[in-house]
Amino acid sequence: MSSIARPAEVGHIEAGETIYLAEQLWPIRGQLFLGLLGLALGGYMGLLQALERIGINLYSAHLLKSYYQGLTIHGMLLAFLFTFSFSNSFLSLTTIRGFQRPLASISLAHGAFLTMLAGTVLAAFATLTNQATVLFTFYAPLKASSLFYLGAVFLVLSTWLTSANQLLTLRAWRREHPGEPIPLLGFVSVVTYLMWDLASVGVAILVVVFLLPWSLGILSSVDPQFELVLFWFTGHPIVYFWLLPAYVSWYLLIPAQVGGRLFSDDLTRFVFLLFLIPSTPTGLHHQFTDPGLPRAMKTVHLFTTFAVVYPSFITAFTVMAALEWGGRARGARGLLGWIRALPWKDPSVTAQLLAMLVFTLGGATGIVNASYSVNLVVHNTAFVPGHFHMTVGTTVALTAMGVCYWLIPFISGRELWGRRLALAQAWLRAIGMLIFARGQIAGGLSGMPRRTAIGDAAYLGLFKWSLDNWLTAIGGIVMTTSGLLFFVVVLGTLFFSRPLTEPIEIPVAEVVHSAGERWPLFDRLSLWFLIAVGLVVVAYGPVILGYLPLNSVSPPIKVY
Amino acid sequence: MRFLGVLVGVLLVGGLTGLYIWMTLNDVLEGRAGVKQLLAALAAIGAGVFAAGVHLPSPAGRIDPKTVRQTPPFDRPRVRGVAPGEYEVVLIARAWAFEPNEIRVPRGSIVRFRVASADVIHGFLIENTNVNVMVIPGQIAEVTARFERPGEYVFLCHEYCGFGHHQMFGKVIVE
């Protein structure tokens, strides 16, 4: 462990009061670029899917066996690699910035990058050779190569190493600052990962205890219904692990970028703790239509799910307030003048403002999904990808892209290249996604299944999905154009841009209500974590005890 | 037209939920205490659960996918009248077909579907009905629908089940 700032060396960044050490920056850079590579390839697979909708099948031209192989690559790269890598790199930087000190452990920082790389190589090899066409949900008894499951283990391990490093950094900071409140930026970074540590236990057990031994032939059969319980234990809160890095940016960075202020220190801590506590005991709302689980527990999880809606509503008001302050500080008048006064020419800000706008629709459709009875209309239909492409696909991805518009200059020491292209990118992404989502949502409401090669479906002629499919395709093409512009800007910045005249510091908002009004209990993270664990036991204990004994009847099956 | 419907629906649901939560929060923050409001919120969600006689699938027995074809009633997948106006459909879902894939019932029938998988996870969705259930190896999926209007109702597999997933469908023909 190294906690002492070294003297100036090549590759380190000294910005304002914070020193970012070179030996900690290279794994952060490495993960960011690995994630962006995943974004590029995964996004490209999305184009193939969109074109399949209108009868253009490009899979064999890409040496892929099927739509589903492409879909597996799309899901793995975007839902796991891109999101995990981006979180690891972005929230490691906010940890350093928040605590004003280096990460506590160099080896954990390096380990996070190396495990992410190893996981990517293993899973990529398995999927590219069609040994793991099981989609990113990998539902048993569809069997993938052991390398695929091993890859998944490494990807999750990488996030755990990042979390461990944050916690060690927090401990070191506490020793150096006894009795002081945890800096807010550090607090939200750490709590995001604490939530994920608890949430990821389900999928860790699923893969390590069941699927990996099963794929190696050590276990002869598994219980598919129970495997789904474990999968969705993690499968719902993972969306908050995708979302919270965006919230970190909206709460603490965006106000500074628009010249506004964050409303309340306490409220921000409260919101992140509200994500830590009820995020995980909600998984059964993904399993409303599972035959093996009782209605009573599905109803309990319904209520906890609606509890997680609260922090997002608080967020809506808090972030809007920060933006309004920003607009008014920039000279806006009237009731809504502040909207126009926001820095819409700054691509980093514009991308994130559009991400927030799309999130209103994404959140509303999410409430539809989680509703007990309406779920019967939309479960496993195209409505669901319509929903989550607005949330993770836009809210999270477009926020990440917006963050990249200062982050790439920050870590490369070069000015953002192609500012107008970047602006066009943000708008095209949001517009393309709305067109795409309209196609998927309307299709889903008339029974179009998700995860299906609709363009080749035997029943295509029996439905009136033509408009829905065209909108899906057009939206996909617009988003691909946007993706292309994004990478032109990133590569232009890295290779063709001028060096920065002075280093950028990570923007952090000033807080209106902070010192002196704090509730010290907020900082007792171990207490909140224990409460979260307790709620998980209450919500999942009866589900699992009521389900036992396991019905392990399914040997591995490979039908792809 | 459908787009407008979706938009209005989404805005309505989102708007009302938002308004309700905002009002509740406001009450709590201003000290007009939350217990009554909280109970009202729980009641509202609860009413959504039990209203309109919508029932989610619930455990209906376990079965071994390897011996589905030897296990009654799945040894004879078929449509069977159980009472006047009531039918039971025993269905096997396998990669990549439903057996049987054509079901005929008179209009006004109440039909109980019992579905079991012989291999991987499948799904079972009938268009224009509330029938939507996962078909998980090891579990018998049971759902009921009433068919009032004559016509063809396509049912299809909505969970990825391998290379030919998109070929897997059938029809309920209401006469």
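Biologist: What share of the 175 residues in chain B is buried, and what makes a residue buried?

Modeller: Buried residues are 33% of the 175 in chain B. A residue is buried if 20 or more other C-beta atoms lie within 10 Å of its own, exposed if 12 or fewer, and partly exposed in between, with C-beta atoms placed from the backbone. This is a predicted model, in which local features need pLDDT of at least 70 and side-chain atom pairs count only at pLDDT 80 or more, while totals for chains, interfaces and linings use all residues. Residues are numbered from 1 along each chain as its sequence is written, and chains are lettered from A and ligands numbered from 1 in the order in which they are written.

Biologist: Why is A:Leu302 called buried?

Modeller: A:Leu302 has 22 C-beta neighbours inside 10 Å, and the definition asks for 20 or more. A:Leu302 therefore counts as buried. The residue lies in helix α10 (residues 295–307) of chain A. Its C-alpha is 23 Å from that of A:Asp197, with the two positions 105 residues apart in sequence.

Biologist: Why is A:Glu14 called partly exposed?

Modeller: The count for A:Glu14 is 13 C-beta neighbours inside 10 Å. Exposed requires 12 or fewer and buried 20 or more, so A:Glu14 is partly exposed. A:Glu14 sits in strand β1 (residues 13–15) of chain A.

Biologist: Which residues is A:Glu14 in contact with, leaving aside its neighbours within four places in sequence?

Modeller: They are A:Ile19 and A:Pro503. Contact here is a distance criterion: the C-beta atoms, placed from the backbone, lie within 7 Å. A:Ala364, 350 residues apart from A:Glu14 along the chain, has its C-alpha 43 Å from that of A:Glu14.

Biologist: How do you know that helix α2 (residues 67–99) of chain A has close to its expected span?

Modeller: The expected span is 1.5 Å times one less than the number of residues. For the 33 residues of α2(A) this is 48 Å, and the helix reaches 46 Å from its first C-alpha to its last. Helices (H or I, at least four residues) and strands (E, at least two) are DSSP runs, numbered from the N terminus.

Biologist: Where does α2(A) bend, and what makes that a bend?

Modeller: The bend is at A:Leu77, by about 30°. The value is the angle between axes fitted to the seven residues ending there and the seven starting there. After α2(A) comes A:Gln100, with a positive phi near 55°.

Biologist: Why is α2(A) described as largely enclosed?

Modeller: Of its 33 residues, 32 are buried, so the rest of the structure largely encloses α2(A). Strand β1 (residues 79–83) of chain B is hardly covered, as zero of its five residues are buried.

Biologist: What makes β1(B) and β2(B) a pair?

Modeller: Two strands pair if DSSP finds at least two bridges between them. β1(B) and β2(B) have four, in the antiparallel sense, so they qualify. B:Val79 is opposite B:Val89 in β2(B). Two residues separate the strands of this hairpin, and B:Gly85 takes a positive phi near 80°.

Biologist: Which way do β2 (residues 86–94) and β5 (residues 109–117) of chain B run, parallel or antiparallel?

Modeller: They run parallel and are joined by eight bridges. B:Leu91 stands across from B:Val115 in β5(B). β5(B) also pairs with β8(B), antiparallel, over seven bridges, and there B:Val111 has B:Ala145 as its bridge partner.

Biologist: Why are β4 (102–105) and β7 of chain B called edge strands?

Modeller: The open sheet of five strands has the order β4-β10-β9-β6-β7 (chain B), with mixed pairing. β4 and β7 each pair on one side only, and are the edge strands. Inside this sheet, β6(B) and β9(B) run antiparallel and share two bridges, with B:Leu125 the partner of B:Leu156 in β9(B).

Biologist: How many residues does each chain give to the contact between A and B?

Modeller: Chain B gives 54 residues and chain A gives 57. On the chain B side, α1(B) supplies the largest share, ten residues. By class, that side has 31 nonpolar, 15 polar and eight charged residues. Ala, Val, Leu, Ile, Met, Phe, Trp, Tyr, Cys and Pro count as nonpolar, Asp, Glu, Lys and Arg as charged, and the others, Gly among them, as polar.

Notes: Two residues are in contact if their C-beta atoms, placed from the backbone, lie within 7 Å.
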